[in-house]
Structure formats: C-alpha cells, structure tokens
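Let's walk through this model together, one strand and one interface at a time. Please have the sequence and the 3D view open as you read.

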Amino acid sequence: MEKVCITGIGAISAIGFSVNEQIDALRAGRNGLGHAKHFQSVYAQQLHFGEIDLSDEALRERVGNLEAPDLTRTSLIAIHAFQEAVNQAQLDQETLSSRRTGFISSSTVGGMCYTDHLYNDANNKETASQFVKSYEGSDHTLQIVRLFNIKGFTDTINTACSSSANAILLGCQLINAGKLDRVIVGGADCLAKYTVNGFNSLRILSENQCAPFDANRDGLNLGEAGAYLVLEKASIVGDKPILGYVSGWGNANDAFHPSATSDEARGPLLAMNAALNVAGLQANEIDYINAHGTGTQNNDQTESFAFQQLFDKVPPYNSTKSYTGHTLAAAGALEAIFTLSSLMHQELYPSLQVKETISDFEFQPIKSFQKGVALKHAQSNSFGFGGNCTSLILSACL
Amino acid sequence: MFVKDLYAISPQSTFNLTFEAGEVLEIVADRYLSHEPNYLEFIPAGQLRRMGKAVRMGIGAGLPLIQRNEPLDGIIIGSANGGLEDCIKFLNQIVDYEEGVLTPTNFVQSTPNALAGQLAILSTNSGYNCTHTNGSLAFENALIDTQLQLSQSADSTAFLVGAVEEISEYNYNIDTHAGRYKGEATSNSSLLSSKTDGTICGEGATTFVLTNNSTDAYAEIVDVTQITCPTKEELTEMIHVFLQENNLNTEDIDTIVLGNNGDGRLDFWYNDVVTPLFPTAQTLHYKQFVGNYRTVSAFGLYFTVQHMRRLIANTSQKRPKNALIYNHFDGVRHGFILVKNSAES
C-alpha cells in the first residue's frame with residue numbers, strides 16, 4: 001500500500017482568501033463570523049454567518065474573468081480554491097488532463113444557490129435564466145472539468161456535512177487500489193436561502209457567534225467555503241514538497257435519525273475506529289483532534305461522548321467551525337487543511353467562544369494558541385444528516 | 001464484482017416481472033412515469049405519506065433486496081438530483097412565504113443522501129454509506145465505489161447499490177427550458193426512430209446486490225469507466241484502452257447496450273462513434289421502455305442482466321456473453337459498464 005501524499009492545498013472561507021491568510025487568522029484566534037454583507041436574506045442581519053467577504057463580481061474577477069456566464073457562486077468559490085491547490089502542487093496542463101488524474105468534488109447546495117432564478121425556472125415563470133443548465137449538485141464539478149480540461153475519473157459526492165471528507169476517503173482508496181496516480185479532492189458550498197431556511201426550519205441556527213463545546217451553545221452558524229487537496233501516490237511525487245499524509249479513513253452510518261446523532265455515538269465511533277484501523281494506529285497515538293463540533297447541543301454532546309469512549313486520555317481538540325461557521329460540504333476538506341496546518345507547523349489553534357465547558361466531561365477544548373507542540377497524527381471528523389459519519393487521520397511529514 | 005440480486009421500479013411493470021414476461025406497456029405521453037408497487041406491504045402508511053417520490057421509489061426498490069439478502073455491508077446510491085419535488089416545494093415555501101416559519105420535512109427529504117440514510121435507518125445498517133451525485137455518471141460512480149469497497153475485503157462482502165431519479169413538474173420545466181425534451185406526447189414504441197430534437201423524460205429506481213462472492217451470481221460486472229467532455233477520438237481511444245485493461249478486444253464483445261433516446265442531435269455518439277467499433281456485436285436498446293433520465297444506465301444494467309438470465313421473453317436477441325453498456329447525457333458525460341455472463345464463464 002503506497003502512502004497517500006498531500007502536495008497541494010487551496011481554500012477560501014470567511015477567515016481568508018488563501019490558505020496562508022486563513023492560517024494567520026487561526027494563529028490570531030480571529031473568527032470570520034458576523035451578519036451577512038453579500039448574502040441577501042431576511043436573516044442576513046438576524047443570524048451570524050461565516051461569509052466570504054467578496055461579492056460574486058469580485059470573486060469572478062479574482063478567478064480571472066472566465067468566459068462562462070453560468071458560473072454560480074458555488075462554482076466561483078470552488079474554482080478559487082481549486083486554482084490555489086493545483087498551483088501549489090505544480091500540476092501542469094498535461095498532468096491535469098491525464099487519464100491517471102482524477103477529480104472528486106462535493107457540494108450540498110450545488111447549483112441551487114440562486115434561489116430566485118431557480119424558483120422562476122422551475123415554476124415556468126418567465127424565459128429561462130442563464131443558469132438553467134447549472135442547477136445540478138454536480139454543476140461546479142462539470143465547470144471545473146471543462147475549464148481545466150480534466151479527462152480522467154470525476155465524481156461528485158453528497159453525504160451532507162461529511163461530503164468532502166468522503167471525497168478525500170474515496171480519493172485515497174482510488175490511489176491505494178492503483179486506479180489513479182493523483183486526485184484532487186474537496187468541495188464547495190456557498191450561503192444560500194435554501195440551506196439557511198432549511199437549517200432554520202430545524203431550529204439549529206444561532207443568533208450569536210457559534211460556540212462549539214460551550215455548555216450554553218445554542219446552535220451553528222452557516223458558513224461558505226471552497227477547499228481542495230491534491231493527493232498523489234508517493235512514487236510519483238518526485239522532489240516536490242510533501243505537506244503531509246492521509247493515513248487513515250473510515251465511513252459508517254449512525255442508522256439512528258435523519259438529522260440527529262445517536263446518544264451512544266454509534267456511527268461516529270465506528271468511523272473513528274475504522275480510520276485508526278486503516279492507519280494501523282492506536283487511539284493513544286492521536287495527538288490532536290479537529291472535531292466536527294458544530295455548536296449544536298446534539299452534536300457536541302455526542303461527539304464528546306465518543307471521545308470519552310475512544311480515548312483513555314482525550315488529546316487536545318478544537319472546532320475550527322468557531323472561526324468559519326459550518327461550511328457544509330466543504331467542511332471536511334477545509335478542516336483537513338486546518339488539521340494539516342497544525343501538523344506542518346507543529347502548533348495548535350484555540351477553539352473560540354468557549355466560556356463554560358460541558359460539565360459531563362472532564363476534558364475541554366484547546367484554549368490558546370500553542371507553538372512547538374510535537375504532533376505526528378491527527379484526527380478530523382465529519383458527521384452529516386442521513387447518519388453519514390466519516391473520520392480521517394492525517395499524519396505529519398517530519 | 002458479481003450481481004447477486006436486482007430489482008427495478010420503472011415505467012414498465014418490472015416490479016412484478018410482467019415486463020420480463022413479455023408485457024411491454026405502450027406509453028404515449030410527454031413523460032414516462034413509473035409503475036409503482038403497493039408499498040404498504042413493507043412501508044408503514046405514516047412514513048410512506050411523508051416520503052417524496054424519489055425516496056419512496058428508492059425505499060421500494062431497496063428495502064426488499066436488503067431484506068432478502070441480509071446481512072449487507074453497506075449502501076451506495078447514485079442520484080443526480082435526489083428528491084427534487086421536495087426540494088422545489090421547500091424552495092417555493094421560501095419564496096412564497098418570504099423566508100417565514102417553514103416546516104423541515106421537505107428540506108430533510110430533499111437532500112440526495114436522504115435515501116441512503118433512510119435505508120440505513122430502516123434496516124439498521126451502520127456499514128459504509130455513500131451517495132454519488134455526479135449527474136449522469138452518478139450510477140457509474142456508485143459502481144466504481146462499490147468495486148473499491150469490495151476489493152478491500154478478503155471475506156464475502158455485499159452491498160446494496162442503486163440509482164434513483166424522479167420526474168417532478170419542476171425538473172421537467174427546467175430541463176424543458178434547457179431544450180432537453182420533445183415536449184409533445186410521443187409513443188415509446190416510436191421513440192428511438194424519432195429524429196426530432198430532445199427526448200422523453202423517464203424515471204425510476206433500480207437496485208442491485210453486488211458482492212465479491214461469485215456463488216450463484218447472475219452476472220459479473222467486470223469493470224466500469226467514464227469520461228467527461230471527450231472528443232470522438234478521445235472516446236474511441238478510451239474504449240480501446242478500457243477493453244485492453246480487461247484483456248478483451250472488440251470482437252470479444254458480443255453485445256453492445258446503447259442509450260439511444262431519440263434525440264436527433266445526440267444519438268450519433270451511439271450510431272456513428274461507438275457502433276462501428278463493434279461490427280460483430282448485436283445491439284440492445286432500453287430507453288424505449290423507460291425514457292431518459294440521468295441515472296438511467298442503472299436500468300440498462302438491469303435489462304442486460306435480465307437478458308443474461310434469459311428472463312426476457314419474446315426476444316430474438318442472443319443471450320449476451322460479454323456486454324458493454326454505454327450511455328451518455330447531453331454528449332457531455334459518458335459512462336461504460338462491462339458485464340459478463342457468469343453462467344458462461
């Protein structure tokens with residue numbers, strides 16, 4: 001089994017337009033949560049969001065004014081992050097178009113982000129909008145495939161909030177099985193009336209800055225992000241820098257409820273154990289956890305219970321959703337990149353907005369920025385509606 | 001990997017196998033709707049009422065297979081759009097009620113992974129669970145995922161694998177705006193000979209039990225591949241490489257199963273690009289039975305396997321030994337499934 005190497009990362013979120021800008025915000029403990037400036041909704045000033053501070057026009061300009069009139073905000077965010085990742089991995093056109101190069105993306109809202117256009121087209125209200133062929137969940141994938149002339153395996157995954165974690169998992173397995181030499185994996189989601197009203201109808205959105213793992217947490221903040229990683233098999237990396245490794249992955253279903261996790265954390269624990277098994281590691285070899293940590297009562301209680309069950313001594317953990325909000329399909333890849341940053345720089349970022357820790361557990365999330373911490377292996381968790389649970393293990397290239 | 005069991009809810013009466021017995025329904029319509037079984041035999045009425053059509057058909061095609069093949073190791077679904085009816089119902093609420101207080105049922109049902117999640121809950125299956133939404137390659141992607149999961153296990157392992165797509169008024173409108181449909185009522189018996197623009201929309205749920213264990217298998221899925229936005233030359237090259245990788249040449253393929261859908265603009269991919277590569281093969285078509293939809297290649301696989309099992313009555317076609325199933329959508333995404341008759345191996 002060849003090692004799966006990470007050779008490129010790209011991300012855009014509420015805390016920065018590049019990976020480096022986002023690492024600066026993590027180090028400074030600076031979140032990107034606030035009322036919405038660009039997202040139009042009756043909730044824009046009522047709830048907190050993790051919005052990327054760029055209009056659609058500004059995003060379009062930043063990705064190079066591409067000749068495609070039907071790029072939605074989801075696609076623009078995806079392209080922005082994709083460009084950064086493939087540039088860092090130095091993938092030239094021939095490599096991008098090789099049948100041995102794959103692309104696996106993910107999105108939940110996908111092309112449905114322009115609610116009002118979709119409403120008009122779906123209800124036959126007027127002449128078709130320019131987005132009429134762009135509503136599919138996989139539209140952003142197809143746009144990237146076209147723009148970058150990708151000819152190999154392509155896929156789009158939607159397992160709700162664990163989508164891009166499963167894109168990473170599938171990419172690793174394709175490399176392991178020898179089906180691909182390299183694969184770009186990740187996802188993108190933008191703020192949309194569809195998801196905001198959906199989560200609001202479930203009454204799990206907070207009017208405040210979200211506070212994962214705080215005793216008085218009152219819900220999540222929706223965010224938007226695009227995040228991609230370039231994975232390559234060790235034997236073809238050559239002298240390019242290796243940023244780290246994906247060494248374990250596990251996927252399981254909680255099989256309990258469409259939009260809540262079971263008290264005994266069945267799915268999360270199965271996924272975490274499966275990932276440890278693939279990595280050939282014991283739980284006590286995990287040095288850091290990037291938690292799913294949404295800030296809902298249900299998730300943080302269940303996930304903490306899973307930590308208690310899995311670890312004799314729970315390693316340092318945080319939820320970087322306290323910086324970016326919950327970026328849905330993009331969260332798995334975005335948080336894998338933040339996890340990788342901790343491993344690369346041997347540092348830990350504080351979990352924000354925690355005032356009072358959950359009294360059922362004697363452990364608590366990381367409180368302050370710490371440099372010079374020895375970190376070898378880290379776990380990153382993603383749990384979604386439909387019971388979809390995925391756990392990844394990333395390892396440092398020391 | 002091997003096909004151990006299969007089931008289809010489609011515009012034909014496949015759910016009770018009368019389609020296979022030779023009773024092909026003639027449908028004259030601008031869209032071909034599914035013939036659905038009586039779900040109340042296995043879904044409680046209260047739950048059934050809350051299910052949108054995609055979830056209902058998916059549970060209806062998935063649960064019987066799970067129940068007669070338990071225990072299964074996971075659930076892998078391909079669906080380009082999931083529960084669109086619920087999705088646009090929720091969207092309409094957002095717009096019509098100006099983002100007021102909404103009920104979450106439509107939202108929760110609309111996510112494409114709702115089906116795989118519901119199947120997991122109903123069968124308490126906590127194994128591997130994934131939903132692929134890559135447009136018209138979503139089913140091929142589900143098969144490739146399954147192939148990977150099965151290859152990692154030395155033990156006998158089996159997954160429920162399926163595809164579902166529903167016709168809703170809304171996606172019918174959107175795809176009509178996009179120029180994909182003929183618009184006028186068309187008989188399915190003359191669909192494939194039509195030369196006008198567009199096709200007729202269909203729907204359905206098709207499910208399989210796929211396993212790495214060849215015992216009592218109906219057929220073997222030898223390999224699956226796909227390409228997006230190829231030129232004709234790239235597609236031809238890709239087919240040759242794909243066959244080579246599986247130690248086959250074009251003469252070994254005795255049956256090509258093509259996705260012709262009566263769209264005068266796009267059937268050349270089948271007729272002019274792929275058919276000439278296989279001069280010795282017989283051709284099977286299947287969209288005259290079920291219409292066109294994004295994950296319809298799952299029905300193509302179903303139809304091929306039923307042929308291999310000699311279940312299709314009134315056919316002059318030979319029993320396929322090595323079949324290549326080819327489907328594309330809009331001429332953009334192209335998928336290939338290579339199937340071998342287990343009984344002949």
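A good place to begin is a pair in chain A: A:Asp189 has A:Ala225 as its bridge partner in strand E8(A). Before going further, note that this is a predicted model, in which local features need pLDDT of at least 70, side-chain atom pairs count only at pLDDT 80 or more, and totals for chains, interfaces and linings use all residues. Residues are numbered from 1 along each chain as its sequence is written, while chains are lettered from A and ligands numbered from 1 in the order in which they are written. Helices (H or I, at least four residues) and strands (E, at least two) are DSSP runs, numbered from the N terminus.

The pair we started with belongs to an antiparallel arrangement in which eight bridges join E6(A) to E8(A); two strands pair if DSSP finds at least two bridges between them. E6(A) also pairs in the parallel sense, over four bridges, with strand E4 (residues 101–106) of chain A. There, A:Thr101 has A:Arg182 of E6(A) as its bridge partner.

How many of the eight residues of E6(A) are buried? The count is eight of eight, so "buried" deserves its definition: 20 or more other C-beta atoms lie within 10 Å of the residue's own, against 12 or fewer for exposed and partly exposed in between, with C-beta atoms placed from the backbone. Looking along E6(A), you will find A:Arg182, A:Ile184, A:Gly186 and A:Ala188 pointing one way and A:Val183, A:Val185, A:Gly187 and A:Asp189 the other way.

One of these residues, A:Val185, leads us to A:Ile168. Leaving aside neighbours within four places in sequence, A:Ile168 is in contact with A:Val185, A:Leu229, A:Val246, A:Trp249, A:Gly332, A:Ala333, A:Ala336 and A:Leu392, where contact means that C-beta atoms, placed from the backbone, lie within 7 Å. A:Ile168 is also among the residues with the most contacts inside the largest nonpolar core, together with A:Leu229, A:Leu231, A:Ala333 and A:Ile337. That core has 232 residues, and its largest share, nine residues, comes from helix H9 (residues 266–279) of chain A. A nonpolar core here is a set of buried Ala, Val, Leu, Ile, Met, Phe, Trp, Tyr and Cys residues joined through C-beta atoms within 7 Å. In soluble globular proteins, nonpolar side chains tend to be buried together.

Now step back to the domains, whose bounds come from an automatic or database domain assignment. Chain A is divided into domain 1 (4–236) and domain 2 (244–396), and their centres, taken over C-alpha atoms, are separated by 21 Å. Their contact takes 65 residues from domain 1 of chain A and 55 residues from domain 2 of chain A. On the domain 1 side, H7(A) gives the most, with eight residues. By class, that side has 36 nonpolar, 24 polar and five charged residues; Ala, Val, Leu, Ile, Met, Phe, Trp, Tyr, Cys and Pro count as nonpolar, Asp, Glu, Lys and Arg as charged, and the others, Gly among them, as polar.

Chain A also holds an open sheet of three strands, in the order E2-E3-E7 (chain A), with mixed pairing. Its edge strands, each pairing on one side only, are strand E2 (33–34) and E7 of chain A. E2(A) and E3(A) run antiparallel and are joined by two bridges, with A:Leu33 opposite A:Gly50 in E3(A).

Turning to chain B, we meet domain 1 (2–211) and domain 2 (219–344), with C-alpha centres 21 Å apart. Here 45 residues of domain 1 of chain B are in contact with 37 residues of domain 2 of chain B. H6(B) gives the most to the domain 1 side, with six residues.

Strand E1 (residues 2–9) of chain B is mostly covered, with seven of its eight residues buried. Seven bridges join E1(B) to the antiparallel strand E7 (residues 204–211) of chain B, where B:Ala8 stands opposite B:Thr206. E1(B) pairs with E8(B) too, in the antiparallel sense over two bridges, and B:Val3 has B:Ala219 as its bridge partner there.

Finally, bring both chains into view: their contact takes 51 residues from chain B and 58 residues from chain A. The chain B side has 24 nonpolar, 23 polar and four charged residues.

Notes. Two residues are in contact if their C-beta atoms, placed from the backbone, lie within 7 Å.
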